[in-house]
Amino acid sequence: MKLDPKNTQRAAVAVLGSATLLTLTALIFIIVFVLEKGLPVLNWSFLTGAPQDMGRAGGIFPAIAGSVALTVLAVLLAAPLGVGTAVYLTEYTRESRLTAIIRFGADCLAGIPSIIFGLFGFILFVTILKMGWSLLAGGLTLALMILPTIIRTTEEAIKAVPLSYREVSYSLGATRWQTVYKVILPNALPGILTGVMLGVGRSLGETAAVIFTAGSSLRMPASIFDSVRTMAVHFYLLAREGISAENAYGTAAALIIAVLSVNLLAYWMMNRMVAKRT
Amino acid sequence: MPVTSEKIMQRLLLAVAFSALSALLLIAVFIISQGLPFIFRYGFREFLFSSQWNPQAGKFGIFPMVVSTLWVTLGAMAIGAPLGVAGAVFLTEFVPRTVMRIIKPSIELLAGIPSVVYGFIGVMVLAPLIRDHLGGPGLSLLAGSIILGIMILPTIISISIDSIMAVPKSYREGSLALGATVWQTVRMVTLPAARSGIAASIILAMGRAVGETMAVIMVTGNSVKIPGSALEPVRTLTANIALEMGYATGMHRQALFATGVVLFVVIMILNFSASYVMRQRKARR
Amino acid sequence: MPDKIALNKFSVHYGPDPLLQEIDLEIQSNQILGVIGPSGSGKTTFLRALNRMNELQPGFTASGRIMLDGEDIYGLDYDAVSLRKKVGMVFAMPVPLPMSIHENIIYGPKLSAGRGWKYDEAVVESSLKAAFLWDEVRDRLKTSALRLSGGQQQRLCLARTLALEPEVILLDEPCSGLDPVSTAKIEEALTILKERYTVILVTNNTKQAARVADRTAFFLMGKLVEEGTTQQMFTAPKDKRTSDYITGRFG
Amino acid sequence: MKKKALYLLFSVALVFSAGCGKNKQSITLAGSTAFQPFAEKLAEQYMTSNPGATITVQGGGSAVGIQSALSGAAQIGMADLVNLPPEAKDLSATVVARDGIAVVINPANKVNNLTTGQIRDIFNGKIKNWKEAGGADKTITVVSREAGSGTRTSFEEIITGIELVGEALIQESNGTIRETVANDAGAIGYLSHGLLNEKIKAVQIDGQDCTTECIMTQKYLLVRPIFLLTKAQPGAEVQRMIDYILSPEGQQTIQQNGLITAK
């Protein structure tokens, strides 16, 4: 075959296409595997019931509540910080040594292993600040973990907002913050949501850092000072300690369905917003 | 009124902008203060370049873990980065937008699958496959690389797609108008323009690969040994910390924090080289 | 009558490069000043200097003075945000913000309205009427501005600027991408608007300046070559470069 | 803008109120993952008979148990080490149960009996193939626990003379040892005897079965204690909990679920 542009194009499409196919196959396999083993266990009483006999029987409601509470708390703490940092880096300052350092700091933070976050959270939040194993300690730790992802994705999203929008806004007498708030953030929202969803995903799926900071108590949390067990931790303990493979898969299936619904909800909201504007 | 609130907002954002950096410093100071004294006492070379790890006998050499971490991460990147970027390019450039709009969220959803689920599937499906068809105990360097490579795909694909989409349409149209094929346009125009976003996605993914703990513990076998092949079991730095921290006291505990210091330094080196590469490229442009 | 705007030895540099050199110029109210010159002559920099848009990009420095109603707008305590409310701007390319027509118009008034204050809803109708757009969009104010045609979008941008109730309107080649019908509509709007505003129109189209401007200024390589009534500039320019440009020898 | 300020205020308030929000009535047990399932079971029963009490059980490992008992993060630490480390000398330690350690292999493996010497050689890497220990021609996969694990420490102290072979797979819990051995026909490992099931096979050691009877009569070698650690003067609530675990009802629960009673 001659290497003219047309054939190169064909070859590229074939290679890229099969790479994509391979990726999707691997990812779909994981979902199908978990759902196939987990869906039979899923029913209303499994989702809303309290666990019995360490999770060997009964439901997983406290774990669902724990996952939701912990993730919401982490995102509430991290999203304002992450978006604020990205706004500062892109809109409030020029490229300088300072922005380079801040960005570098965020990248490094992204690379810190979750186990180190776990140790850090355990000593600082759980022990020194006397929060105990709690939603709060876990939420703070997770917030630090997902902060860099939110910063990076928000920054990319903000950079993608056309410069002309900013100019128009300023020319109409808007201050910097008004421009950010009314024009830049709404237009960057889809990208910001991507970052937040990645953060939600990471919070829901994290195990190491959560065990060390939020603990693994199987009771319903009554306040942010109570220890919780997330679905991921519950799955881990059930599967690894060989307590109940069935319920472990059921938990994993519930977790995947939960992430799916959160994603769908976010996309639905986002599409509504975009549709309103165009 | 607007002028003062503007000032307040600016101050507030400046303060917020330091959140990530101060978190990093706090963690760094904390880990280093716990681990560095041990490294000095035990001897830097002895700690880093000895292959003897036997806490009960007071031997703390982490060389096998350093080597294993590098291999597992490299393996994961070799699998995840090309697949991820290829997938992102294919989905943005060669597939109708509506299809992409369905696939992208589904891929992002996969970032929400707990790492322990990936690990568990690695143990139940991948390790037996490797054991039966390639040999060795199954729980191995190869299994770790494959599982990590798959785990980082959503991060790479999702962020790369965003940055490729952000390349102005006019660039693409300009190139196509000059008679370039779609692939030439991708290679010469789109990818270079989207480079910083793609690089960011790879750095984030690499961070996740180096730092992943639970899935790695589950699939790599955790032997303290410099791997002779991809089929042998290995132990990464993260696994070393997570495995033994629950039981470690005294010297042993300090040695694990010192492992954390090394891990920290490895990540700093990775980040420095990544940002150096990106700056070099930018300068050349 | 005092000058609305007066420039005194005003220069702009980008880094070390001069973009505008020692401009001296007086601009009267209730007139249209046409600004002509080849591209790169400093027309746009001049225009953006009048509402301090240049400073939004790092690297720009200004020296000299620009007086608006006797106040130096480059003075230390002069607020750029309130300046931009007094000196409105329409850009070369129509840039409707990605929101509804209605939201585009009230964007400016809402910003200055502040907490607890209501902007006047009537401003939507009056400014759209002044930009000759009302009849075309009165039934679909809540639809996205991005669905308008190019000509409609540019008139929307004009209406959006008018809604600020500014004193001066700056237009940066507002018709460069438009069809003759849309262009005529905008020109018609401008001749009516000058009764209430000071209008400064940068244009690449010398004939447009001849049609609508009361006075015309000719810029070349960052310098103001000549300024005078449009009639004098087009019939008896004092500088040879002006006549060469107007007659199409270069540019 | 207001919303963002609220968020920030909220997070600051959370941090500052953290110190004073802890509920004084609750007891937290933390530490040994081996004893964690039993502690959860015991806590469940204790709370049924004492509706006012709140017992929280956390894992983390024996070191976490000692650290958190020392720092007060937990009122009761759980540890399964044969010898407690020096840090624990200020804590009061109570043996609440004992645990036999079973040496396990894949059910497909025909070997039924190993001597202490053979076990030592296998874990040291001197015996690398099952045919040298009376089995089929198959490479041995040694599976052990992480350094410092109570089970491993006890195992190595009782078998004596073990310097673990480098190729050994390391698994972080009893459950994972069981899964690994169940999945690999050449594997050998050891785990808490309460977690034996049909997926794996316990071998006789020097001719002794790993059964409750043999452990009770001290014929079976591999046994380790499980400690509960408290501050020197535990509160009344904490003492009641420990007393409950030592009571006939508590001990019966422990035995029913596979551990050996304290005495």
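**Entry 1. Domains of chain D**

I began inside chain D, where 14 residues of domain 1 are in contact with 14 residues of domain 2. The model I am reading is a predicted one. I looked up the bounds next: domain 1 of chain D covers 27–99 + 225–261, and domain 2 covers 100–216. Domain 1 is thus given as two segments of the chain, with domain 2 as one. I noted 28 Å between the centres of the two domains of chain D, taken over C-alpha atoms.

For the area buried between domain 1 and domain 2 of chain D I recorded about 1000 Å², with 51% of it given by carbon and sulfur atoms. On the domain 1 side, I find that D:Val82, D:Asp99 and D:Ile260 lose the most area to domain 2, together 45% of what that side buries.

I then searched this domain boundary in chain D for specific pairs. The count of salt bridges between the two domains is 0, and the count of residue pairs in polar contact, both at pLDDT 80 or more, is 1. I traced the domain 1 side to its elements: β4 (92–105) and β12 (260–261) of chain D are those that give two or more residues to it. By class, I divide the residues of that side into 5 nonpolar, 6 polar and 3 charged.

**Entry 2. Chain B against chain A**

I turned to the pair of chain A and chain B. Here 80 residues of chain B are in contact with 78 residues of chain A. I recorded a buried area of about 7200 Å² between these two chains, 81% of it on carbon and sulfur atoms.

How many salt bridges does the rule find across the interface of chain B and chain A? I obtained 0. Under the requirement that both residues be at pLDDT 80 or more, I counted 7 residue pairs in polar contact across the interface of chain B and chain A.

I asked which element of chain B contributes the largest share of the side that touches chain A. It is helix α14 (residues 250–284) of chain B, with 10 residues. I sorted that side of chain B by class and entered 57 nonpolar, 18 polar and 5 charged residues.

**Entry 3. Chain A against chain C**

I next examined where chain A meets chain C. The contact draws 21 residues from chain A and 26 residues from chain C. I entered about 2100 Å² as the area buried between them, with carbon and sulfur atoms giving 65%. Which residues of chain A lose the most area to chain C? I find A:Glu167, A:Ser171 and A:Leu172, which together make up 30% of what the chain A side buries.

I searched the interface of chain A and chain C for salt bridges, and the rule finds 1. The pair is A:Glu167 with C:Arg48, and I note 2.6 Å between the closest N and O atoms. A:Glu167 therefore appears twice in this entry, in the salt bridge and among the residues that lose the most area to chain C. I also counted 3 residue pairs in polar contact between chain A and chain C, both residues at pLDDT 80 or more.

I assigned the chain A side to elements: α7 (163–171) and α8 (176–205) of chain A each supply at least two residues of what touches chain C. The largest share, 8 residues, comes from α7(A). By class I divided the chain A side of this contact into 7 nonpolar, 9 polar and 5 charged residues.

**Entry 4. Salt bridges in the whole structure**

I widened the search to all chains and found 31 salt bridges in the whole structure. I placed the pair that crosses between chains on its elements: A:Glu167 lies in helix α7 of chain A, and C:Arg48 lies in helix α1 (residues 43–50) of chain C.

**Entry 5. Chain C by itself**

I closed with chain C. Its secondary structure comes to 10 helices and 10 strands. I entered spans of about 50 × 45 × 35 Å for the C-alpha trace of chain C along its principal axes. I compared the radius of gyration with the globule rule: chain C has 18 Å, which agrees with the value near 18 Å for a compact globule of 251 residues.

Key
Residues numbered from 1 in each chain as written. Chains lettered and ligands numbered in written order. Predicted model: local features only at pLDDT ≥ 70, side-chain atom pairs only at ≥ 80, totals over all residues. Heavy atoms only, no water. Contact = heavy atoms within 4.5 Å. Buried area = accessible area lost by both parts, 1.4 Å probe. Salt bridge = Lys/Arg side-chain N within 4 Å of Asp/Glu carboxyl O. Polar contact = N/O pair within 3.5 Å; in protein donor to acceptor, adjacent residues only side chain to side chain. Helix = DSSP H or I, 4+ residues; strand = E, 2+ residues; numbered from the N terminus. Nonpolar A, V, L, I, M, F, W, Y, C, P; charged D, E, K, R; others polar. Domains from an automatic or database assignment. Rg over C-alpha atoms; globule rule 2.2 N^0.38 Å.
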